[in-house]
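Student: I have a model open and I'd like to learn how to read it feature by feature. Can you walk me through it?

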Amino acid sequence: MKIAFITSHIIQSKQWIWFSEELLNRSVEHIHIVISEAPTQFEEDLKGMGIRVYGIRSRSKLDLAVSIFKVAAILRSERI
């Protein structure tokens, strides 16, 4: 089983990092899809842990609408 977490506009989160560490310790495969205006420390922290992270840049409401299609494509490619 593979899990995908889709988060938006998180710059840093110790809770998500801790949760991902616990999933890794239990051998649960998971990815993070992070929607934000620019790359974040959160994304870098997850990548440093060896977790696959997809960053989607969204600066406006139109970008946010397009992001939905990007998320769907990522989920399809990951077979989730």
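**Reading the fold, piece by piece**

Tutor: Let's start where a helix ends: H3 is followed by Arg79, whose phi is positive, near 60 degrees. Keep in mind throughout that this is a predicted model.

Student: What is the general idea behind looking at the sign of phi?

Tutor: Most residues other than glycine have a negative phi. That's the background to hold in mind when you scan the backbone angles here. Ser27, just after H1, takes a positive phi of about 60 degrees, and His9 has a positive value too, near 55 degrees.

Student: Where are His9 and Ser27 found?

Tutor: In loops: His9 is in the one between S1 and H1, and Ser27 is in the one between H1 and S2.

Student: Is Ser27 buried or exposed?

Tutor: Ser27 counts as exposed, because its relative accessibility is 65% and the cut-off for exposed is over 50%. His9 has a relative accessible area of 43%, so it is partly exposed.

Student: OK, on to the strands. Which strands pair, and in what sense?

Tutor: S1 (residues 2-8) and S2 (residues 29-36) pair in the parallel sense over seven bridges. To find the register, look at Ala4, which stands opposite Ile31 in S2. S2 also pairs with S3, again in the parallel sense, over six bridges. For that pair, use Ile35, which stands opposite Ile56 in S3.

Student: How does the chain cross from S2 to S3?

Tutor: It goes through H2, and this β-α-β crossover is right-handed. S1, H1 (residues 14-25) and S2 make a right-handed β-α-β unit as well.

Student: And side chains on a strand, how do I read those?

Tutor: In a regular strand the side chains alternate between the two faces of the sheet. With that in mind, let's turn to what covers the helices in this model.

Student: Which residues of H1 are buried?

Tutor: Ile17, Ser20 and Leu23. Seen down the axis of H1, these buried residues fall within an arc of 125 degrees, so they line one face of the helix. On the other side of H1 you'll find Lys14, Gln15, Trp18 and Asn25 exposed. What covers the buried residues includes S1, S2 and helix H2 (41-48).

Student: How far does H1 reach, against the expected span?

Tutor: H1 has 12 residues and reaches 16 Å from first C-alpha to last, close to the 16 Å expected at 1.5 Å a residue. You can run the same kind of check on H3 (residues 61-77): with 17 residues, it reaches 25 Å, close to the expected 24 Å.

Student: What do the buried residues of H3 pack against?

Tutor: S1, S2 and strand S3 (52-57). The buried residues in question are Ser67, Val71 and Ile74.

Student: Now the core. What should I expect in general?

Tutor: In soluble globular proteins, nonpolar side chains tend to be buried together. In this model the largest nonpolar core has seven residues: Ile10, Ile17, Val34, Phe42, Leu46, Ile51 and Val53. A second, separate core of six residues includes Ile31, Ile35, Ile56 and Val71.

Student: Suppose I pick Leu46 to look at. What does Leu46 touch?

Tutor: Not counting residues up to four places away in sequence, Leu46 touches Ile17, Ser20, His32, Ile51 and Val53. Leu46 lies in helix H2 and is buried, with a relative accessible area of 0%. For a view along the chain, compare Leu46 with Glu21: they are 25 residues apart, and their C-alpha atoms are separated by 9.3 Å.

Student: And what is Val53 in contact with?

Tutor: Leaving aside its neighbours within four places in sequence, Val53 is in contact with His32, Val34, Glu43, Leu46 and Lys47.

Student: Can we try a loop residue, say Ala38? Where does Ala38 lie?

Tutor: Ala38 lies in the loop between S2 and H2. Its relative accessible area is 37%, so Ala38 is partly exposed. With neighbours within four places in sequence left aside, Ala38 is in contact with Glu43 and Arg57. Ala38 and Arg59 are 21 residues apart in sequence and 8.6 Å apart in space, C-alpha to C-alpha.

Technical notes: Residues are numbered from 1 along each chain as its sequence is written. This is a predicted model: local features need pLDDT of at least 70, side-chain atom pairs count only at pLDDT 80 or more; totals for chains, interfaces and linings use all residues. Side-chain values use heavy atoms; hydrogens and water are left out. Two strands pair if DSSP finds at least two bridges between them. Helices (H or I, at least four residues) and strands (E, at least two) are DSSP runs, numbered from the N terminus. A crossover is right-handed if, with the strands pointing away from the viewer, the path from the first strand over the helix to the second runs clockwise. The expected span of a helix is 1.5 Å times one less than its number of residues. Buried means under 20% relative accessible area, exposed over 50%, partly exposed in between (1.4 Å probe, protein chains only). Contact means heavy atoms within 4.5 Å. The arc is that of the directions from the helix axis to the C-beta atoms. A nonpolar core is a set of buried Ala, Val, Leu, Ile, Met, Phe, Trp, Tyr and Cys residues joined through side-chain atoms within 4.5 Å.
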